[in-house]
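Good morning, and thank you for the opportunity to present. Please look at the sequence and the structure as they appear, and keep them in view while I speak.

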Amino acid sequence: EIERLQAASAAESQRAAGAEAKASQLEQEAERLRSGGNEALQQAEAALASTREEVERLKAEAASKAAGDEAQQQQLQAEIERLQAASAADSQLAAAAEAKASQLAEAALASTREEVE
C-alpha cells in the first residue's frame with residue numbers, strides 16, 4: 001500500500017511539475033503577446049499622431065490659401081470698383097464734352113448765319 005501511495009504521489013508530483021511547466025510556458029507566451037501587443041499599440045499610436053499632424057498641416061495650408069484667396073478677391077473687387085468709378089467719370093466727361101461741342105457748333109453756325117445775312 002505504501003508503495004502504491006508513493007507511486008501515486010510520484011505521479012501527482014510529475015503531473016504537478018508538468019502543469020507548472022505548462023503554466024510557465026503559457027505565462028511566457030502571454031508576456032510575448034503582451035509585448036507584441038504593446039509594440040503594435042505604440043506603432044498604431046505613432047501612426048495616428050503622424051496622421052493628426054498631417055491633418056493639422058493640411059488644415060493650416062487650406063486656411064492660408066483661403067486667406068490668400070480672400071485677399072486677392074478683395075483686391076480684385078477694389079480694382080473693379082475703381083474701374084467702374086473711372087468709367088463713370090469718363091462718361092460724365094464725354095457727355096460734358098459733347099454738350100460743349102454741341103454748344104460751340106450751334107454758336108459757330110449762328111455766327112456763320114449772321115455773317116451770311
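Glu56 has a relative accessible area of 48%, so it counts as partly exposed, given that a residue must be over 50% to be called exposed. I should say at once that this is a predicted model. The partner of Glu56 is Lys59, and the two form a salt bridge in which the closest N and O atoms are 3.8 Å apart. Where do Lys59 and Glu56 lie? Both belong to helix 1, which covers residues 2–116, and they are three residues apart, about one turn of the helix.

A second pair may be described in a similar way. Lys65 forms a salt bridge with Asp69, with 3.4 Å between the closest N and O atoms. These two residues, Lys65 and Asp69, also lie in helix 1, four residues apart, which is again about one turn of the helix. As for accessibility, Lys65 has a relative value of 53% and therefore counts as exposed, while Asp69, at 37%, counts as partly exposed.

Let us turn to the start of the chain. There, the side chains of Arg4 and Glu1 meet in a salt bridge, with an N to O distance of 2.4 Å. Glu1 is exposed, at 62% relative accessibility.

Some salt bridges are joined to one another. Glu54, Arg57 and Glu61 are linked in a network of such contacts. How many salt bridges does a search of the whole structure find? The search finds eight.

I now come to the protein as a whole. Its secondary structure consists of one helix and zero strands. The radius of gyration is 50 Å, whereas the globule rule gives 13 Å for 117 residues; the protein is therefore more spread out than a compact globule. Along the principal axes, the C-alpha atoms fill a box of roughly 170 × 15 × 10 Å.

What percentage of the 117 residues is buried? The share of buried residues is 0%. To be buried, a residue would need a relative accessible area under 20%. The protein exposes about 10,100 Å², and 56% of that area is supplied by carbon and sulfur atoms.

Finally, I will mention the charges. The protein carries 12 positive and 23 negative charges, and the mean positions of the two sets are 10 Å apart.

To close, I would ask you to keep two points in mind: the protein has one helix and zero strands, and the search for salt bridges finds eight. Thank you for your attention.

Note on methods. Residues are numbered from 1 along each chain as its sequence is written. This is a predicted model: local features need pLDDT of at least 70, side-chain atom pairs count only at pLDDT 80 or more; totals for chains, interfaces and linings use all residues. Side-chain values use heavy atoms; hydrogens and water are left out. The radius of gyration is taken over C-alpha atoms; the globule rule is 2.2 Å times the number of residues to the power 0.38. Buried means under 20% relative accessible area, exposed over 50%, partly exposed in between (1.4 Å probe, protein chains only). Accessible areas come from the Shrake-Rupley method with a 1.4 Å probe; for residues, only the protein chains shown count as cover. Lys and Arg count as positive and Asp and Glu as negative; His and the chain ends are not counted. The place of a charge is taken as NZ of Lys, CZ of Arg, CG of Asp or CD of Glu. A salt bridge is a side-chain nitrogen of Lys or Arg within 4 Å of a carboxyl oxygen of Asp or Glu.
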